[in-house]
Every structure is written in structure tokens, then in C-alpha cells.
Amino acid sequence: MGGIPFGRVREALFSICGRKKSRPTPHKEIVMKIMISQPMAGLSAGEIQHNRSHVVSYLEKRGHVVIDSIISDRPDNLNNEPLYCLGRSFELLSKMDACFFMKGWHETRGCWMEHEACIRYGVPVWYEGEEEPCNIRKS
């Protein structure tokens, strides 16, 4: 049976994500300003806050600073409210060290576009269920 040895697959995955082979120990972890990207369409403000509360808690326990990215102050004269919120989201994203993507992000336009911006502009992404961000920027 041929195939690629697991070590080479692991090495390729680390290369794609930009991770080093050894993970940092918790006491040496870098503190980051993080924005959360989550599906919001059709949810009340309370449901949005409830859905993200476990992620905020998880990130803060690891010493990170979570920036509130929920856009609540919107002008009255908008023709396209989702587009306005996406623009504000990009503005916030430009100030972040990383973006955390909650489950279901790939099913919504706004989260998908935030993800695309992160990938194309080198902002590290962190997916719910993973221990650390992928594609960490090199200093």
C-alpha cells in the first residue's frame, strides 16, 4: 500500500496553516485582540449575545481581548443595512490581531466575506473547535 506518510501530510498541513510543528505552551501564548465572526441573520440581539458568550469566555480565559463587533448604532437612511454592517466589520477587522469564526460562518454572506478578507489580507483566522489560530503572521 503506497500513499503519503502521515508525517509528510502533517508537515504539509502545518505549512498551509503557517503553524510551527510545536505548539506554544499556554504560559507563552501571545495575547491578541480578536473579533468574532458569527451568523446573525434572523437572530435577536439577545440570541446573538447568548450564542457568542461561550466563545468570549473561552478566549478571555486564554488571556485574549475580545472586541465587541456587533454593530448596533446604524443610521436611519440606509439603503442596504447588511452592507453597512459589513463595511463597519471590515473597519474593525483592520485593527484586529485575529478573527475567530464560529460554527456556521461559511453559510452566511457576511462571515464568508470577512473570512475571505482575512485570508487575502493575512489576518490570522481561528475556527471554533480548534485550539489555536491558523496562519499566524510572522513578526
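## A nonpolar patch on the surface

On the surface of this predicted model, the residues Phe90, Trp112 and Met113 form a nonpolar patch, and together they have about 290 Å² of accessible area. One of these residues, Met113, lies in helix 4. Met113 counts as partly exposed because its relative accessibility is 37%, a value that falls between the limits of 20% for buried and 50% for exposed residues.

For the protein as a whole, the exposed area comes to about 9,400 Å², of which carbon and sulfur atoms supply 56%. Of the 139 residues, 32% count as buried.

## The overall fold

The protein contains four helices and four strands, and when these elements are read along the sequence they follow the pattern α-β-α-β-α-β-α-β. Among the contacts that join residues at least 6 apart in sequence, 64% are between residues at least 24 apart.

## Two nonpolar cores

The largest nonpolar core has 12 residues in all, namely Met35, Leu93, Met96, Cys99, Phe101, Trp105, Cys111, Ala117, Cys118, Val123, Val125 and Cys134. Two elements, strand 3 (98-101) and helix 4 (109-121), each give two or more residues to this core, and the largest share, three residues, comes from helix 4. A second core, separate from this one, is made of 11 residues, among them Met32, Val56, Val66 and Trp126.

Leu93, which belongs to the largest core, shows how residues from several parts of the sequence come into contact. Leaving aside residues up to four places away in sequence, Leu93 touches Met35, Cys99, Glu114, Ala117, Cys118 and Val123. Of these neighbours, Met35, Cys99, Ala117, Cys118 and Val123 are also listed in the largest core.

## Ser37, a buried polar residue

Ser37 lies in strand 1, which covers residues 33-37. Is Ser37 buried or exposed? Ser37 is buried, because its relative accessible area is 1%, and the limit for counting a residue as buried is under 20%.

The side chain of Ser37 makes a polar contact, at 2.4 Å, with the side chain of Glu114. When residues up to four places away in sequence are not counted, Ser37 touches Cys99, Phe100, Phe101, Met102, Cys111 and Glu114. Among these neighbours, Cys99, Phe101 and Cys111 are members of the largest nonpolar core, while Glu114 is also touched by Leu93.

Conventions: Residues are numbered from 1 along each chain as its sequence is written. This is a predicted model: local features need pLDDT of at least 70, side-chain atom pairs count only at pLDDT 80 or more; totals for chains, interfaces and linings use all residues. Side-chain values use heavy atoms; hydrogens and water are left out. Buried means under 20% relative accessible area, exposed over 50%, partly exposed in between (1.4 Å probe, protein chains only). A polar contact is a pair of N or O atoms within 3.5 Å; within protein, one must be able to donate a hydrogen and the other to accept it, and residues adjacent in sequence count only if both atoms are side-chain atoms. Contact means heavy atoms within 4.5 Å. Accessible areas come from the Shrake-Rupley method with a 1.4 Å probe; for residues, only the protein chains shown count as cover. A nonpolar core is a set of buried Ala, Val, Leu, Ile, Met, Phe, Trp, Tyr and Cys residues joined through side-chain atoms within 4.5 Å. Patches are made of residues with over 30% relative accessible area and no salt bridge: like charges are joined within 9 Å, nonpolar side chains (Val, Leu, Ile, Met, Phe, Trp, Tyr) within 5 Å. A salt bridge is a side-chain nitrogen of Lys or Arg within 4 Å of a carboxyl oxygen of Asp or Glu.
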